[in-house]
Amino acid sequence: MAQEFRPVELNERDVLSLTGNLLQVSVFKSALKKALNRDLGEQFLYYLNYDRLISEFPEQASEHCFDKGMECEILRVGDNWKKGKIRFNVTVEFLTEEEEETPAPPENESPLDDIRRLMKE
């Protein structure tokens, strides 16, 4: 079976070791957010404008791509225009070197049995 990267949910207090350096996830996210807001947001909007896909964008738009969101309207098939905001979200993915084993529930026990027990209590 081929290993795949999977999104991983990290707590702000979790710690990453990158090239031997320890970083708390909150610090990692903060640096990533600064880089994305400044560089990727500006580049993204620049190329939309350069390719003439959009004519202009607000002055602070690149700062809002990954944070507050940008004013937007969405038209879905079979629906009307809806006003709102759009923002981009970056996921962090992780590929474990060893496969984690999750214990399977006993064959005669349903995963819902725990919930049923809690409801009876």
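## Strand β5 and its hairpin

Strand β5 lies largely in the open, because the number of buried residues among its six is zero; buried means under 20% relative accessible area, exposed over 50%, and partly exposed in between (1.4 Å probe, protein chains only). Helices here (H or I, at least four residues) and strands (E, at least two) are DSSP runs, numbered from the N terminus.

The partner of β5 is strand β4 (residues 70-75), and the two pair in the antiparallel sense over six bridges. Pairing of two strands takes at least two bridges found by DSSP between them. L75 sits opposite W81 in β5. Five residues lie between the strands of this hairpin, where G78 takes a positive phi near 75°.

## What kind of model this is

This is a predicted model, so to speak of local features takes pLDDT of at least 70, and side-chain atom pairs count only at pLDDT 80 or more, while totals for chains, interfaces and linings use all residues. Residues are numbered from 1 along each chain as its sequence is written, and side-chain values use heavy atoms, with hydrogens and water left out.

On pLDDT (the predictor's confidence in each residue, from 0 to 100), the protein has a mean of 76, and 76% of its residues reach 70 or more. Among the elements, strand β5 (residues 81-86) has the highest mean pLDDT, 88, and helix α2 (residues 61-64) the lowest, 64.

## Overall layout

The protein has three helices and six strands. Going along the sequence, you get the pattern β-β-β-α-α-β-β-β-α. Of the 121 residues, 12% count as buried.

One of the buried residues is V25, with a relative accessible area of 1%. V25 is found in helix α1, and its C-alpha atom is 5.1 Å from that of E12, although the two are 13 residues apart along the chain.

## The other hairpin

Back towards the start of the chain, β2 pairs with strand β3 (residues 21-24) in the antiparallel sense, over four bridges. L16 has L23 in β3 as its bridge partner. The hairpin of β2 and β3 has two residues between the strands, and T19 takes a positive phi near 45°.

## Salt bridges

How many salt bridges does a search of the whole structure find? It finds two, counting a side-chain nitrogen of Lys or Arg within 4 Å of a carboxyl oxygen of Asp or Glu. E12 forms a salt bridge with K29, with the closest N and O atoms 2.9 Å apart. That pair links distant parts of the chain, 17 residues apart: E12 is in the loop between β1 (6-7) and β2 (15-18), K29 in helix α1. E12 counts as partly exposed at 38% relative accessibility, and K29 is partly exposed at 38%.

K82 and D79 meet through their side chains in a salt bridge (3.3 Å, N to O). K82 is partly exposed at 48% relative accessibility, and D79 is partly exposed with a relative accessible area of 34%.

## The largest pocket

The largest pocket holds about 530 Å³ of space. On a 1 Å grid over the protein atoms alone, a pocket is an open set of points where a 1.4 Å probe fits, with protein on both sides within 12 Å along at least five of seven lines; lining residues have an atom within 4 Å of a point. Grid points are joined across faces, edges and corners, and the volume is the space filled by probe spheres set on the points.

The lining has 17 residues, of which K29, L32, N89, V90 and T91 lie nearest the centre. Helix α1 (residues 25-50) gives the most to the lining, with six residues. By type, the lining divides into 11 nonpolar, two polar and four charged residues; Ala, Val, Leu, Ile, Met, Phe, Trp, Tyr, Cys and Pro count as nonpolar, Asp, Glu, Lys and Arg as charged, and the others, Gly among them, as polar.
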